[in-house]
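Okay, thanks for squeezing me in, everyone. Let me put the structure up and then talk you through it.

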Amino acid sequence: MATFSNYSFDSAIYATFRPTYPRSLYDFIFHYHERNEDARWDRAVDLGCGTGQATVELTPFKRVIGVDPSSQMIQVAQETLEKKSILTGQYVYVHGSAERLSFLDDGSVDLVVSAQASHWFDWNKIWPELARVLRKNGSAAFWGYSKFRITRYPSLTQKIDAYVSGIDPLNSVGPYWEQPGRSILDNHFVDVPEGNEVVPGAFSEFERVFFTGDHYPSLPSPHSVIMRKQMTWNDLLSYLKTWSVLHTFRQHNPTDAENPRGDVAVRFWKDLMEDIKQEDGRAMEGHDEVDIEWPLAIILAKRV
């Protein structure tokens, strides 16, 4: 994803205001991995690791490698380790591509994961690399979350969708997402081919699991939403400003920041608070708290 490698992109702010993944998600993945009695816990790899948010949660593994194409992200990830005094050698970061893992030997990895990055992957290249580096019965888990929802105000869903996926070039970021990545994410990975479609016979299992609650009833057997966060309205605005698409929007709309109501993200944020005021009869302030949730999908696979 080109934006994350751009020197104007603030990786530290990105790391601060992005939502985190619940412990239950990691436990779900670890339970999947240990289905086989001979499951090993020697090496895990996090593809598109960004600032290392998911990398450092892979604690059961003796050695964990985070891989990202952005040198800025790798730098922030390494600095985070140093700040937390996590310098045991368990975690290592590598600047590189998810599609080319030449630094890994054949059959040397027990678990490969990717958090909120795999919608950018070239799956015709990823699946062969996974088939090469995963050990027998090794596991893969790729997850991502789609458009956020305001838990207590389902009435705002239409406005959120219009901002994120709409076609208004002046008041929506929809036209500026990199594709097909964003569509793959918003479709909850249903467009991602199964591993055996790309490398016949390489994988013994393939599953799609949806933690999307009632938000997308057309998805098969959806589970309850597990990714939630309570934040202030000011923090929500900071989160909105971490979106990679804003950089592209600003390039196409250089005078947007001169709008008296604020830039496109600020206007959207204000509109959400105004709608809640109309619904509840109480004005929202920046320090007020709001409950946010994200529908999440995950792909699971096992090497033969």
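So, keep in mind that this is a predicted model. I'll start with charge. There are 31 positive and 41 negative charges in the chain, and if you take the mean position of each set, those two points sit 2 Å apart.

Now the overall build. We've got ten helices and ten strands in the chain. Along the principal axes, the C-alpha trace spans about 60 × 40 × 35 Å. What about the radius of gyration? The chain has 20 Å, and that agrees with a compact globule, because one with 304 residues would have a value near 19 Å.

On to surface and contacts. About 13,900 Å² of the chain is exposed, with 48% of that coming from carbon and sulfur atoms. Going the other way, 53% of the 304 residues count as buried. And if you look at contacts between residues at least 6 apart in sequence, 76% of them join residues at least 24 apart.

Right, the inside. Which residues touch the most other members of the largest nonpolar core? That core has 62 residues, and the answer is W143, F148, I150, W233 and W243. Helix α10, residues 264–280, gives the most to this core: eight residues.

Let me zoom in on I150. Ignoring neighbours within four places in sequence, I150 is in contact with L156, I160, W233, L272, V290, D291 and I292. So W233 turns up in that contact list, and W233 was also on the list of core residues touching the most other members.

Last bit: there's a second, separate core of 34 residues, including V67, L101, A131 and I299.

Terms used: Residues numbered from 1 in each chain as written. Predicted model: local features only at pLDDT ≥ 70, side-chain atom pairs only at ≥ 80, totals over all residues. Heavy atoms only, no water. Helix = DSSP H or I, 4+ residues; strand = E, 2+ residues; numbered from the N terminus. Rg over C-alpha atoms; globule rule 2.2 N^0.38 Å. Buried < 20%, exposed > 50% of the residue type's maximum accessible area, 1.4 Å probe, protein only. Contact = heavy atoms within 4.5 Å. Areas by Shrake-Rupley, 256 points an atom, 1.4 Å probe, with all protein chains shown as cover. Lys, Arg positive; Asp, Glu negative; His and termini not counted. Charge placed at Lys NZ, Arg CZ, Asp CG, Glu CD. Core = buried A, V, L, I, M, F, W, Y, C linked by side-chain atoms within 4.5 Å.
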